[in-house]
Amino acid sequence: MKESRGSAPPPERAVAPPPDGGAGELAGGPRTYEGVWRFTAPAVDVSVPQARHAVRDLIRRQGAPADDDLVQSLLLIVSELVTNAVKHAALLSPELAVEVAIGADWMRVSVEDNHPYRPRPLETDYAQTGGRGLLLVREITAEAGGSCDVEHTASGGKVIWAALPLHAG
């Protein structure tokens, strides 16, 4: 996996506004754990646990003030999104990108691929054995008080993201 770090704030299109409207940053400046990190990986099965471990290690290394429940929620979201990219987009997108953005009051994870199909979360259907990944992402995000979405990229692919507050509100 290739990793790069950027210090610019995450793109406006892919982030829920911080609950304080950004006042935390203005009051004390950016915190040391804030930033944006992006890495790429091949769209293969082994990338799922590798992406999850890379995100977990990044959160720990940065010292983000995230409790264990938040970290576990983000890791489950990463697993679901990378799995979907591997299972459904690999043919047209042999590489995927994972981005982690940490702000003063929120964390966002996203997975981008070059497949043009924009999935929609399925409704609960207990007769189905699969297809609930995005429903699970939506439920985890809502329970945490965050937001998530699927958007098209300029290159014709898609990015699926979830932003969760660092502190329960």
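The legends below accompany close-up views of a predicted model.

**Figure 1. Overall architecture of the predicted chain, with four helices and six strands.** Followed along the sequence, these elements come in the order β-α-β-α-α-β-β-α-β-β. The chain has 169 residues, and buried residues make up 44% of them. Among contacts in the chain with a separation of 6 or more, 71% are accounted for by residues that lie 24 or more positions apart.

**Figure 2. The salt bridge between Arg 38 and Glu 99.** In this pair the closest N and O atoms are 3.5 Å apart. Arg 38 belongs to strand β2 (residues 35-42) and Glu 99 to strand β3 (residues 95-102), so the salt bridge ties together parts of the chain that are 61 residues apart in sequence. The two partners can also be described by their accessibility: Arg 38 is partly exposed, with a relative accessible area of 29%, whereas Glu 99, at 10% relative accessibility, counts as buried.

**Figure 3. The salt bridge between Arg 38 and Glu 112.** Here the closest N and O atoms of the two side chains are 3.1 Å apart. Because Arg 38 lies in strand β2 and Glu 112 in strand β4 (residues 106-113), this pair ties together parts that are 74 residues apart in sequence. Glu 112 is buried, its relative accessible area being 18%, while its partner Arg 38 is partly exposed. The view also takes in a network of salt bridges, in which Arg 38, Glu 99, Arg 108 and Glu 112 are linked.

**Figure 4. The salt bridge between Arg 56 and Asp 57.** A search of the whole structure finds seven salt bridges, and the one shown here has its closest N and O atoms 3.1 Å apart. Arg 56 is partly exposed, with a relative accessible area of 23%, and Asp 57, at 33% relative accessibility, likewise counts as partly exposed. Side chains of opposite charge can pair when their charged atoms come close.

**Figure 5. The largest nonpolar core, a set of 36 residues.** Within this core, the residues that touch the most other members are Val 55, Ile 77, Val 82, Leu 96 and Val 98. At least two core residues are supplied by each of β2, α2 (47-62), α3 (68-88), β3, β4, α4 (133-144) and β6 (158-165). Helix α3 provides the largest share, which amounts to ten residues. For Ile 77, when residues up to four places away in sequence are not counted, the residues touched are Val 109, Val 137, Ile 140, Thr 141, Ala 162 and Leu 164.

**Figure 6. The crossing of helices α2 and α3.** The axes of α2 and α3 come within 9 Å and cross at roughly 150 degrees, which makes α2 roughly antiparallel to α3. The crossing in which α2 passes α3 is right-handed. On the α2 side, the contact is made by Ser 47, Val 48, Ala 51, Arg 52, Val 55, Arg 56 and Ile 59. On the α3 side, the contributing residues are Val 71, Leu 74, Leu 75, Val 78, Ser 79, Val 82, Thr 83 and Val 86. Two of the residues named in this contact, Val 55 and Val 82, are also among those that touch the most other members of the largest nonpolar core, and Arg 56 of α2 is the partner of Asp 57 in a salt bridge.

Note on methods. Residues numbered from 1 in each chain as written. Predicted model: local features only at pLDDT ≥ 70, side-chain atom pairs only at ≥ 80, totals over all residues. Heavy atoms only, no water. Salt bridge = Lys/Arg side-chain N within 4 Å of Asp/Glu carboxyl O. Buried < 20%, exposed > 50% of the residue type's maximum accessible area, 1.4 Å probe, protein only. Core = buried A, V, L, I, M, F, W, Y, C linked by side-chain atoms within 4.5 Å. Contact = heavy atoms within 4.5 Å. Axes fitted to C-alpha atoms, helices over the stretch in contact; angles between N-to-C directions. Parallel < 35°, antiparallel > 145°, perpendicular 65-115°, else oblique. Left-handed = near helix turned anticlockwise from the far one by under 90°.
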